[in-house]
Amino acid sequence: MFIIDSLTKTYGGSTVLDDVSFCAPDGAITGFVGPNGAGKTTTMRIITGLTHATAGHVEVGGEPFPAAQRPARRLGVFLSAEGIPPSMTAHAYLDYACRTQGMPTSRVAQVLADVDLSWAAHHRVTSFSLGMRQRLGIGAATLTEPSHLILDEPANGLDPDGIRWFRDFVRASADSGVSILLSSHHMRELGAVADQVVMIDGGRILAHGSLQEFLAAAQAQHGEQQVVYLEVSDPDTARHALLAQGITVERQHHGLMAHGVPPERLAALVVESGVGLTHLAAQAQSLEDTYFTLLGASNGRN
């Protein structure tokens with residue numbers, strides 16, 4: 001588990017992290033989101049020991065990461081693929097990583113298979129696409145089979161097949177017990193894999209909870225109304241019946257879009273009006289919608 005407790009970081013007179021606290025449990029994918037400059041990178045650098053905090057405490061698996069006796073088995077980190085030497089082959093790069101981190105070189109073939117780069121094992125990195133370099137960097141982060149992972153924008157450059165591979169890869173890692181802290185601007189992809197979400201802006205935590213709690217809390221806090229799509233046998237009659245009840249409703253495609261009323265209530269009103277109901281679906285608020293709702297509210301307060 002990652003535990004971040006009252007983390008503060010100042011540079012000169014500027015505070016970039018202000019009393020940041022959250023945890024990322026074992027066996028779960030924790031999405032870490034926020035705009036550029038929000039404090040995500042600084043937080044991750046402090047967790048890894050690359051930057052010192054002004055105040056606060058961080059634990060990775062029960063102790064500060066720099067104190068771990070076997071740090072390579074405790075934490076795997078992917079911050080950027082830019083640091084991979086372009087003149088090395090994929091195999092040589094992972095072989096070097098194994099030798100420097102005390103792992104058997106037999107791990108190389110397995111990791112290349114895991115990231116679907118076996119076919120490019122002896123190709124130089126300079127010939128790789130961005131997506132291939134991303135896969136190789138993620139492979140290097142998991143080379144030691146660490147119990148914790150930090151992944152910063154890992155989906156950049158991945159094609160649709162790569163996105164599907166990444167979803168399966170991180171889900172399998174979390175299901176095996178790994179704690180994953182995943183920073184990304186790709187809200188749609190993050191929403192497909194995250195178990196919980198931590199949102200930071202201006203160096204402060206705006207929201208933190210399971211994905212479902214995150215979405216629901218944002219709706220409740222900022223007055224977001226539930227939206228329900230209906231398809232009926234007589235849209236005009238159904239629309240007038242709902243309007244008579246004071247419900248906001250408009251035509252959309254082949255049906256109606258109603259706002260602020262639970263689906264069960266809408267179904268009952270439609271049936272009472274004598275209209276046949278053929279389809280009803282609540283429109284779920286996406287992670288992206290929630291992110292911009294919270295960000296807009298935060299900017300309004302600042």
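How many nonpolar, polar and charged residues does the lining of the largest pocket have, by class? The close-ups below take that up, after a short overview.

**Overview. A predicted model of 302 residues, seen as a whole.** Because the model is predicted, local features need pLDDT of at least 70 and side-chain atom pairs count only at pLDDT 80 or more, while totals for chains, interfaces and linings use all residues. Residues are numbered from 1 along each chain as its sequence is written, and side-chain values use heavy atoms, with hydrogens and water left out. The protein has eleven helices and 13 strands; these are DSSP runs numbered from the N terminus, with helices being H or I of at least four residues and strands E of at least two. Its C-alpha atoms fill a box of roughly 75 × 50 × 30 Å along the principal axes. Buried residues make up 46% of the 302 residues, where buried means under 20% relative accessible area, exposed means over 50%, and partly exposed lies in between (1.4 Å probe, protein chains only).

**Close-up 1. The largest pocket, with a volume of about 280 Å³.** Here is the reply to the opening question: the lining has twelve nonpolar, six polar and no charged residues. In this classification Ala, Val, Leu, Ile, Met, Phe, Trp, Tyr, Cys and Pro are nonpolar, Asp, Glu, Lys and Arg are charged, and the others, Gly among them, are polar. A pocket is an open set of points on a 1 Å grid over the protein atoms alone, with protein on both sides within 12 Å along at least five of seven lines, and lining residues have an atom within 4 Å of a point. Grid points are joined across faces, edges and corners, and the volume is the space filled by probe spheres set on the points. Of the 18 lining residues, V77, Y93, Q101, A140 and A141 lie nearest the centre of the pocket. β5, α3 and α5 (130-141) each supply at least two lining residues, and β5 gives the most, with four.

**Close-up 2. A nonpolar surface patch formed by L50, V77 and L79.** Together these residues have about 220 Å² of accessible area, computed by the Shrake-Rupley method with a 1.4 Å probe, where for residues only the protein chains shown count as cover. Patches are made of residues with over 30% relative accessible area and no salt bridge; nonpolar side chains (Val, Leu, Ile, Met, Phe, Trp, Tyr) are joined within 5 Å, and like charges within 9 Å. L79 is found in the loop between β5 (75-78) and α3 (90-100), and L79 is partly exposed at 32% relative accessible area. V77 also appears among the residues nearest the centre of the largest pocket.

**Close-up 3. The second largest pocket, with a volume of about 240 Å³.** Its lining consists of R107, D114, T142, E145, P146, L149, F169, A172, S173, S176 and V178. The elements that give two or more residues to this lining are α4 (107-114) and α6. With three residues, α6 gives the most. By class, the lining divides into five nonpolar, three polar and three charged residues.

**Close-up 4. The largest cavity and a salt bridge between two of its lining residues.** One cavity of 30 Å³ or more is counted; a cavity is a set of grid points where a 1.4 Å probe fits but cannot get out. The volume of the largest cavity is about 80 Å³. Its lining includes R167 and E189, and divides into seven nonpolar, two polar and two charged residues. Both α6 (160-175) and α7 (187-193) supply at least two of the lining residues. E189 forms a salt bridge with R167, the closest N and O atoms being 2.7 Å apart. E189 lies in helix α7 and R167 in helix α6, so the pair ties together parts that are 22 residues apart in sequence. E189 is partly exposed at 21%, and R167 is partly exposed at 32%.

**Close-up 5. Salt bridges within helices α3 and α6.** Eight salt bridges are counted, each being a side-chain nitrogen of Lys or Arg within 4 Å of a carboxyl oxygen of Asp or Glu. In α3, D95 and R99 meet at 2.7 Å, N to O; the two are four residues apart, so about one helical turn separates them. D95 counts as buried at 16% relative accessibility, whereas R99 counts as exposed at 60%. In α6, the side chains of D175 and R171 meet at 3.3 Å. R171, D175 and D195 are linked in a network of salt bridges.
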